[in-house]
Protein chains: 2
Amino acid sequence: MQVLSKASINGLRALLYLAAQERREGYTGIREMADELDISFHFLTKILQELTQKGVLRSYRGPNGGVALARDPGTLYLEELVLMMEGDDFFDTCLLGLPGCGERKPCPVHAFWKETKAALKKEFQTTSLEELGQQIRVGKVRLAD
Amino acid sequence: MQVLSKASINGLRALLYLAAQERREGYTGIREMADELDISFHFLTKILQELTQKGVLRSYRGPNGGVALARDPGTLYLEELVLMMEGDDFFDTCLLGLPGCGERKPCPVHAFWKETKAALKKEFQTTSLEELGQQIRVGKVRLAD
DNA sequence: TTTATTAAAGACAAATGACTCTTAAAACGT
DNA sequence: ACGTTTTAAGAGTCATTTGTCTTTAATAAA
């Protein structure tokens with residue numbers, strides 16, 4: 001069951017890596033993150049470029065350059081990030097792929113799937129990078145092996 | 001958010017179509033199902049071949065041939081079908097794709113995702129083709145536009 | 001026995017997602 | 001100015017999934 005694309009997963013992991021940093025000023029090199037998170041440098045670069053264009057990251061070139069969160073991680077919730085990376089219809093899907101599945105013309109598993117999506121959405125709406133970054137910092141949780 | 005592959009979705013829809021039939025004897029042509037469910041005939045054929053090989057369907061060639069459920073739809077639960085089509089590790093994934101994510105080495109969203117997967121699994125374990133077929137029969141729910 | 005009907009099988013093609021590589025541009029230090 | 005470090009941009013490649021087509025085999029009916 002793959003819910004997020006590889007690109008989204010790696011983008012999220014990179015954002016979490018940044019949110020887990022102790023120091024808040026300065027830039028973190030993409031090379032370092034790629035090594036640390038075990039992602040191809042070029043692939044990660046491409047993913048982070050998009051996040052920079054969308055305003056979640058700011059970047060800086062040259063020696064000691066890299067990327068940094070463009071906003072306070074306490075204001076960055078998973079929902080916004082996932083919608084940004086996966087598309088605005090992320091939570092509006094039908095499990096059986098029927099177009100226009102809804103209350104009026106439900107598919108056989110609509111009722112249940114609706115609840116599941118709502119729970120997932122709520123969780124994503126209430127979980128911030130700050131919160132998860134902290135859990136990483138104290139070692140309760142990991143981003144890579 | 002695409003949880004099931006197109007192949008699984010179409011396989012499931014076809015199984016539901018069969019489960020929703022009034023008459024229980026005889027075979028249903030793949031052509032009819034493809035038309036009714038708006039799936040390419042050849043694509044559906046390929047999908048149903050696998051389900052036949054796996055013993056969920058039986059098939060019959062020649063005039064008035066087609067496919068039929070090989071087992072009582074009351075004994076066919078979504079879980080078995082999804083595991084069959086998507087692979088046995090369907091419910092064992094990490095949302096962030098970390099290998100070996102678990103209680104001992106959890107990813108940042110492990111706790112929540114674990115619950116979500118469990119709820120989904122339970123629903124699939126307790127929902128049979130018979131049950132959904134009935135809902136289709138009485139028109140509460142649809143398989144296509 | 002011939003013809004029509006249907007699924008089985010497998011080769012093939014197209015589309016998508018997941019990467020990879022090369023070149024350019026920006027910033028810095030000397 | 002020059003060379004080094006770093007991100008930006010985009011073309012290119014590979015693998016997987018999705019979808020198509022052709023041929024074969026089975027069955028029934030005329």
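**Exercise 1. Contacts to DNA strand C**

Which polar backbone atom is 3.4 Å from a sugar or linking oxygen of DNA strand C? Find it, then describe the surroundings of that strand.

*Solution.*

Step 1. The atom belongs to B:Gly62. Such a pair is a polar contact (a pair of N or O atoms within 3.5 Å; within protein, one must be able to donate a hydrogen and the other to accept it, and residues adjacent in sequence count only if both atoms are side-chain atoms).

Step 2. Place the result in its setting. This is a predicted model, where local features need pLDDT of at least 70 and side-chain atom pairs count only at pLDDT 80 or more, while totals for chains, interfaces and linings use all residues. Residues are numbered from 1 along each chain as its sequence is written, chains are lettered from A and ligands numbered from 1 in the order in which they are written, and side-chain values use heavy atoms, with hydrogens and water left out.

Step 3. Add two further contacts. A polar backbone atom of B:Ile30 is 2.6 Å from a phosphate oxygen of DNA strand C. The side chain of A:Arg61 has an N or O atom 3.3 Å from a sugar or linking oxygen of DNA strand C.

Step 4. Name the elements. Those giving two or more residues to the surface near this strand are H3 of chain A, and H3 and strand S1 (57–60) of chain B. Helices (H or I, at least four residues) and strands (E, at least two) are DSSP runs, numbered from the N terminus. H3(B) gives the most, with 5 residues.

Step 5. Count the surroundings. DNA strand C is surrounded by 26 residues, and the closest include A:Lys46, A:Tyr60 and B:Ser59. A residue is near a strand if one of its heavy atoms lies within 4 Å of it. Sugar or phosphate holds 63% of the strand's atoms within 4 Å of the protein; bases hold the rest.

**Exercise 2. Contacts to DNA strand D**

Which residues are closest to DNA strand D? Then list side-chain contacts to that strand.

*Solution.*

Step 1. The closest are A:Ile30, A:Ser59, B:Ser40, B:Phe43 and B:Lys46, out of 24 residues that surround the strand. Of the strand's atoms that come within 4 Å of the protein, 59% are sugar and phosphate.

Step 2. Look at phosphate oxygens. One is 2.8 Å from an N or O atom in the side chain of B:Ser40. One is 2.9 Å from an N or O atom in the side chain of A:Gln53.

Step 3. Look at the bases. An N or O atom in the side chain of B:His42 is 3.3 Å from a base nitrogen of DNA strand D.

Step 4. Sort by class. The surface near DNA strand D has 7 nonpolar, 12 polar and 5 charged residues. Ala, Val, Leu, Ile, Met, Phe, Trp, Tyr, Cys and Pro count as nonpolar, Asp, Glu, Lys and Arg as charged, and the others, Gly among them, as polar. H3(A) supplies the largest share, 5 residues.

**Exercise 3. The interface of chain A and chain B**

How many residues does the contact take from chain A and from chain B? Describe what lies between the chains.

*Solution.*

Step 1. Each chain is counted: 40 residues from chain A and 40 residues from chain B. Contact means heavy atoms within 4.5 Å.

Step 2. Take the area. The two chains bury about 3400 Å² between them, with 73% of it on carbon and sulfur atoms. Buried area is the accessible area (1.4 Å probe) that two parts lose on being put together, summed over both.

Step 3. Find the main contributors. A:Met1, A:Pro108 and A:Arg142 lose the most area in chain A, together 26% of what that side buries.

Step 4. Count the polar links. The interface has 12 residue pairs in polar contact, both residues at pLDDT 80 or more. It has 0 salt bridges (a side-chain nitrogen of Lys or Arg within 4 Å of a carboxyl oxygen of Asp or Glu).

Step 5. Assign the side of chain A. H5(A) gives the most to it, with 8 residues. This side divides into 28 nonpolar, 5 polar and 7 charged residues.

**Exercise 4. A:Ser128**

Is A:Ser128 buried or exposed?

*Solution.*

Step 1. A:Ser128 is buried, at a relative accessible area of 6%. Buried means under 20% relative accessible area, exposed over 50%, partly exposed in between (1.4 Å probe, protein chains only).

Step 2. Locate A:Ser128: the loop between H5 and H6 of chain A.

Step 3. List its partners. Its side chain reaches the backbone nitrogen of A:Glu131 at 3.1 Å. Not counting residues up to four places away in sequence, A:Ser128 touches A:Pro73, A:Gly74, A:Leu76 and A:Tyr77.
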